[in-house]
Amino acid sequence: GRDFKELKTATNNFMEWQNWRPTFVSYRANYTGAQTDAAVVTVAAGQKAVVTQGQIIASNANTVSPACRVGFGGTACPVNSGVIVAHPGVPAGGGVSRGNGEGIIAEGADGEDIRITCAAPTGGSIDVLLTYFTQAV
């Protein structure tokens, strides 16, 4: 069985874990031209990004519906695995959202940036909104 010292240590560790709260970052990036594998958020080695919400929103002024995806990648925005949020053609004034900021929807690997690939939002722009935190790997 466990002695009192082991039980106290286990209880203290649990309490520390329970009281741990990450520092959330709410971030907006605006793009008026096409993007190919561009870093939206850079993540240092030894850290990973943990995303709780991702949105892509198109300006009402856009005259096209650009395809857009945001995801984790060391040098390239992913096509399948690692995508945080994507849309095949974001209509003017429309958007797509994933997550509500309350739970984890995606988690990157060590030093993996959050990247975007998007067609040109002709006549307007695209906003990428992210809620995330970083933590040691």
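The following paragraphs walk through a predicted model of one protein chain, beginning with its overall make-up and then turning to its salt bridges.

The protein chain contains one helix and nine strands, and from the N terminus on the order of these elements is α-β-β-β-β-β-β-β-β-β. Of the 137 residues in the protein chain, 36% are buried. The accessible surface of the protein chain amounts to about 7600 Å², and 51% of that surface belongs to carbon and sulfur atoms. When the contacts with a separation of 6 or more are considered, 83% of them are accounted for by residues 24 or more positions apart, and the pairs described below give individual instances of how parts of the chain meet.

Strand S9, which covers residues 126-136, is a useful place to start. S9 runs antiparallel to S1, and seven bridges join these two strands; within this pairing, Asn30 has Asp127 in S9 as its bridge partner. S9 also runs antiparallel to S3, here with eleven bridges joining the two, and in this second pairing Ala49 stands opposite Thr134 of S9.

How many salt bridges does the structure hold? The structure holds three salt bridges, and each can be followed in turn. As a matter of general chemistry, side chains of opposite charge can pair when their charged atoms come close.

One of these salt bridges is formed by Asp127 with Arg28, with the closest N and O atoms 3.0 Å apart. Asp127 belongs to strand S9 and Arg28 to strand S1 (residues 25-31), so this pair ties together parts that lie 99 residues apart in sequence. The side chains of Asp127 and Arg28 also count as making a polar contact, at 3.0 Å. Is Asp127 buried or exposed? With a relative accessible area of 17%, Asp127 is buried, given that buried means under 20% relative accessible area. Its surroundings can be read from its contacts: apart from neighbours within four places in sequence, Asp127 is in contact with Arg28, Ala29, Asn30, Gln55, Ile56 and Ile57. Among these contacts, Arg28 is therefore the salt-bridge partner that lies in strand S1, while Asn30 is the residue whose bridge partner in S9 is Asp127.

Another salt bridge joins Glu107 to Lys48, and its closest N and O atoms are 2.3 Å apart. Because Glu107 lies in strand S7 (residues 106-107) and Lys48 in strand S3, this pair ties together parts that are 59 residues apart in sequence. The side chains of Lys48 and Glu107 are likewise joined by a polar contact of 2.3 Å. The burial of the two partners is not alike in class: Lys48 is buried, with a relative accessible area of 15%, whereas Glu107 is partly exposed, with a relative accessible area of 42%. Lys48 itself is placed in strand S3, which covers residues 47-58. Leaving out neighbours within four places in sequence, Lys48 is in contact with Val43, Glu107, Gly108, Ala109, Phe133, Thr134, Gln135 and Val137. One of these residues, Thr134, is also the residue of S9 that stands opposite Ala49.

The remaining pair to describe is that of Arg115 and Asp113, whose side chains meet in a salt bridge at 3.0 Å, N to O. Are these two partners buried or exposed? Arg115 is buried, with a relative accessible area of 11%, and Asp113 is also buried, with a relative accessible area of 9%. Arg115 is found in strand S8, which covers residues 113-118. Beyond its salt bridge, a polar atom of the Arg115 side chain lies 2.7 Å from the backbone oxygen of Asp37. Which residues does Arg115 touch, when those up to four places away in sequence are not counted? Arg115 touches Asp37, Ala38, Ala39, Val40, Arg69, Val70, Gly71, Gly73, Gly74, Thr75, Ala76 and Cys77. In addition, the C-alpha atoms of Arg115 and Val83 are separated by 9.3 Å, although these residues are 32 residues apart along the chain.

Taken together, the three salt bridges of the structure include the pair of Asp127 and Arg28, the pair of Glu107 and Lys48, and the pair of Arg115 and Asp113.

Notes
Residues are numbered from 1 along each chain as its sequence is written. This is a predicted model: local features need pLDDT of at least 70, side-chain atom pairs count only at pLDDT 80 or more; totals for chains, interfaces and linings use all residues. Side-chain values use heavy atoms; hydrogens and water are left out. Helices (H or I, at least four residues) and strands (E, at least two) are DSSP runs, numbered from the N terminus. Buried means under 20% relative accessible area, exposed over 50%, partly exposed in between (1.4 Å probe, protein chains only). A polar contact is a pair of N or O atoms within 3.5 Å; within protein, one must be able to donate a hydrogen and the other to accept it, and residues adjacent in sequence count only if both atoms are side-chain atoms. Contact means heavy atoms within 4.5 Å. Accessible areas come from the Shrake-Rupley method with a 1.4 Å probe; for residues, only the protein chains shown count as cover. A salt bridge is a side-chain nitrogen of Lys or Arg within 4 Å of a carboxyl oxygen of Asp or Glu. Two strands pair if DSSP finds at least two bridges between them.
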